Amino acid sequence: MERAIIEEKERLSLLNTVAVTMSHCLTASDVLRTGIRLACKTTGHDGAIIRAISPEGRSRTIASAGLTQQERAQLAKLMPRAEMLKRITKGQASIRFGESEIAQGRSSSEPIFANALLVPLVGRGETLGALCLATREKRPSTVKQDVGLAGAIAAMIGAALKNAFVFAQ
């Protein structure tokens, strides 16, 4: 019981650090650069990409951290298109990919991740995109904690990104 309380305290402390750091970002590029770096560091994932939805309704990868170009391309293949992103984020669902889903359609020379987690980026009720976090090696984790922490960070990134758009206007 005491161990669980200590772990939860640590998690809340990490989230507070992310919130304070994100609150200092004024531009969209600052939000993306800082947010993706903090998402990897805080959740313990090796790398991440953010795919955003443009006002025209198209999606594209706009930020990455901790990834080679090959790894970035591999994770980008997992990211759904804009219309699917909007459907995923309406329900605020997260998607966890295992090794077999990640391996589909890859050549033998491409790196492989042990798992990946896709969480929506929503700011002020608007779908802005998604954050995909990945690990290269299998690691013991509790899915609920991973999804909860990644979801909380994605929500902070989404809110900060929307604020940056408003600030720019």
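By a nonpolar core I mean a set of buried Ala, Val, Leu, Ile, Met, Phe, Trp, Tyr and Cys residues joined through side-chain atoms within 4.5 Å. With that in hand, and keeping in mind that what you see here is a predicted model, the largest such core has 28 residues, and those with the most contacts inside it are V31, I50, L131 and I157. Each of α1 (2-23), α2 (28-43), β1 (47-53), β2 (59-65), β4 (115-123), β5 (126-135) and α6 (143-168) supplies at least two residues of this core, and it is α6 that gives the most, with 8 residues.

Let me stay with V31 for a moment. If we leave aside its neighbours within four places in sequence, V31 is in contact with M22, C25, I36, I157, A160, L161 and A164. There is also a second, separate core, of 12 residues, which includes M79, A116, A130 and A134.

Now to the chain as a whole. The protein chain holds 6 helices and 5 strands, and along the sequence these follow the pattern α-α-β-β-α-α-β-α-β-β-α. Of its 169 residues, 43% count as buried, while the area that the chain exposes comes to about 9,300 Å², with carbon and sulfur atoms supplying 54% of it. As for contacts in the chain with a separation of 6 or more, 62% of them are accounted for by residues 24 or more positions apart.

Next, α1. What span should its 22 residues have? At 1.5 Å a residue the expected value is 32 Å, and since the end C-alpha atoms of α1 are 32 Å apart, the two agree. Within this helix L15, V18 and M22 are buried, and, seen down the axis of α1, its buried residues fall within an arc of 55°, so they line one face of the helix. The general background is that an α-helix has 3.6 residues a turn, so residues three or four places apart point the same way. On the other side of α1, E2, K9 and S23 are exposed.

Finally, the cysteines. How many disulfides does the structure hold? The number is 0. Taking two of the cysteines in turn, C25 counts as buried because its relative accessibility, 12%, lies under the 20% cut-off, and C40, at 9% relative accessibility, counts as buried by that cut-off as well. C25, as I said, is also among the residues in contact with V31.

How values were computed. Residues numbered from 1 in each chain as written. Predicted model: local features only at pLDDT ≥ 70, side-chain atom pairs only at ≥ 80, totals over all residues. Heavy atoms only, no water. Buried < 20%, exposed > 50% of the residue type's maximum accessible area, 1.4 Å probe, protein only. Helix = DSSP H or I, 4+ residues; strand = E, 2+ residues; numbered from the N terminus. Contact = heavy atoms within 4.5 Å. Disulfide = S-S within 2.5 Å. Areas by Shrake-Rupley, 256 points an atom, 1.4 Å probe, with all protein chains shown as cover. Expected span 1.5 Å × (residues − 1). Arc of directions from axis to C-beta.
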